[in-house]
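Dear colleague,

I am handing over the structure below, together with some notes on what I found when I went through it. Please keep it open beside this message while you read.

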Amino acid sequence: MSLNPRRIIKWTAGIAGVLAIAGILLFFLAAPYYVDTRFNRSLNPPPYAASEKARALHQTLLIADAHADSLMWGRDLLHKGTRGHIDIPRLIEANVALQVFTTVTKSPRAMNIERNDDQTDNIFWLMLAQRMPWSTIGSLKERALFEGRRLDGAAAASAGKLTVIRTKGDLARYLERRKTDPQITAGILGIEGAHALDGDPSNVDPLFAAGFRMMSPTHFFDNDFGGSAHGVNKGGLTPKGREMIARLEAHRMVVDVAHASAQTITDVLAISKRPIIVSHTGVRGTCDNTRNLSDEQLRAIAAKGGMIGIGFWETAVCGTDAAAIVRAIRHTVEVVGIDHVILGSDFDGAVATPFDVTGLVQLTDALLTAGFTEIEIRAIMGGNAIKFWTENLPE
């Protein structure tokens, strides 16, 4: 029997169409799960072992962390998940009182700590897979606003379990409520990289109005506002960057110099009138690479009342356990004193960490083992960060 060529063409086109539709459905349904699972790994699974002394102390701490990128992954933060590092139930289980949630609006392909340009955009594909609004396709500001609304939406649907902090009053009221109800947590919104301003410093204003309270000049590439430690030129603040810093400080938004080039850090310190923060970093004293801060930089940031958030991933601390994190904390304390050290996990930041957030008790245990006192542990694990935000949030 001879085959009809037209029938073969139609049959082939039909199969190709079915495969194309299946591929598109697979992309939308599986891509966010696959990427999240692959990049936001915990090197050790829960539950996490710790001494009884550490567990008892941990439950009495007021814990705060300065950096997590959980909002970009499309997870339901109100559901206790098994992938990634953070969600609201796990934050509460870990006794975390305050978590800074940062929005990521653009990152380069083949991202590395040495040299990246701005010609590629991984976040575009992640957002496309999550069926985000069309407005986010061409506007990084709209991406930040969309991710920020995720936190607000989670808070609204949380039955009081999650509070978004925007002012000193918000924080004071939340902390008072938490004295009698520790089964709650809170978040502050930040932005990773001023490219989210779409090149216009005046876009600080609508982002502040939307609830953002912290922003860094750069992320993994140089932009219109300043140089990145991982960029091509690694320059300092531009005129637009200087205007941006002035606008941030006028709103009492905190400037975060994580990922900033050495010159950008120097320029920010020279013109800033308020304390700054390094939300997530390592220190060259224990892990010498271009991602991490020198002792000179640590001293300059602390001299202006700033905070240094010690990260949890291998590039930050040259290790894969809580002891490596503690070594970086110890060095920072020896250089600038206990009052300037906070946690800066980088949970859900496309990094592998020793544990998810429920394993923070292992960090408490490692601090005890290293000889830190209970007073010092309270400061490091959250007391310093809570004090910083109490003093530096808008009225």
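The torsion about the S-S bond of Cys 287 and Cys 318 is about 70°, and the disulfide is therefore right-handed. The two sulfur atoms of Cys 287 and Cys 318 are 2.1 Å apart, and the structure holds one disulfide. This pair links distant parts of the chain, since Cys 287 sits in the loop between strand 7 (277-281) and helix 11 (295-303), while Cys 318 belongs to the loop between helix 12 (314-317) and helix 13 (322-336), 31 residues apart. Cys 287 is buried, because its relative accessible area is 1%, which is under the 20% used as the cut-off. Cys 318, at 46% relative accessibility, counts as partly exposed.

Before going further, please remember that this is a predicted model. The mean pLDDT of the chain is 92, and 91% of the residues reach 70 or more. Over residues 11-29, however, pLDDT stays under 50, and for this stretch the model has eight contacts beyond four places in sequence. Where pLDDT is low, the predicted coordinates should not be read in detail.

The next residue to look at is Asp 222, which is found in the loop between strand 5 (212-215) and helix 9 (239-250). Which side chain of opposite charge is nearest to Asp 222, and how far away is it? It is Lys 234, at 6.7 Å, and Asp 222, although buried, has no salt bridge. The side chain of Asp 222 does have backbone nitrogens around it: a polar atom of this side chain lies 2.8 Å from the backbone nitrogen of Ser 228, and the backbone nitrogen of Lys 234 lies 3.4 Å from a polar atom of the Asp 222 side chain. Leaving aside neighbours within four places in sequence, the residues in contact with Asp 222 are Asp 118, Gly 227, Ser 228, Gly 231, Val 232, Asn 233 and Lys 234.

Finally, you may wish to find Thr 82, which lies in the loop between strand 1 (63-68) and helix 3 (88-93). Is Thr 82 buried or exposed? Thr 82 is exposed, because its relative accessible area is 84%. If you then look from Thr 82 to Arg 143, 61 residues apart along the chain, you will find their C-alpha atoms separated by 26 Å.

With best wishes

Conventions
Residues are numbered from 1 along each chain as its sequence is written. This is a predicted model: local features need pLDDT of at least 70, side-chain atom pairs count only at pLDDT 80 or more; totals for chains, interfaces and linings use all residues. Side-chain values use heavy atoms; hydrogens and water are left out. pLDDT is the predictor's confidence in each residue, from 0 to 100. Contact means heavy atoms within 4.5 Å. Helices (H or I, at least four residues) and strands (E, at least two) are DSSP runs, numbered from the N terminus. Buried means under 20% relative accessible area, exposed over 50%, partly exposed in between (1.4 Å probe, protein chains only). Lys and Arg count as positive and Asp and Glu as negative; His and the chain ends are not counted. A salt bridge is a side-chain nitrogen of Lys or Arg within 4 Å of a carboxyl oxygen of Asp or Glu. A polar contact is a pair of N or O atoms within 3.5 Å; within protein, one must be able to donate a hydrogen and the other to accept it, and residues adjacent in sequence count only if both atoms are side-chain atoms. A disulfide is a pair of cysteine sulfur atoms within 2.5 Å.
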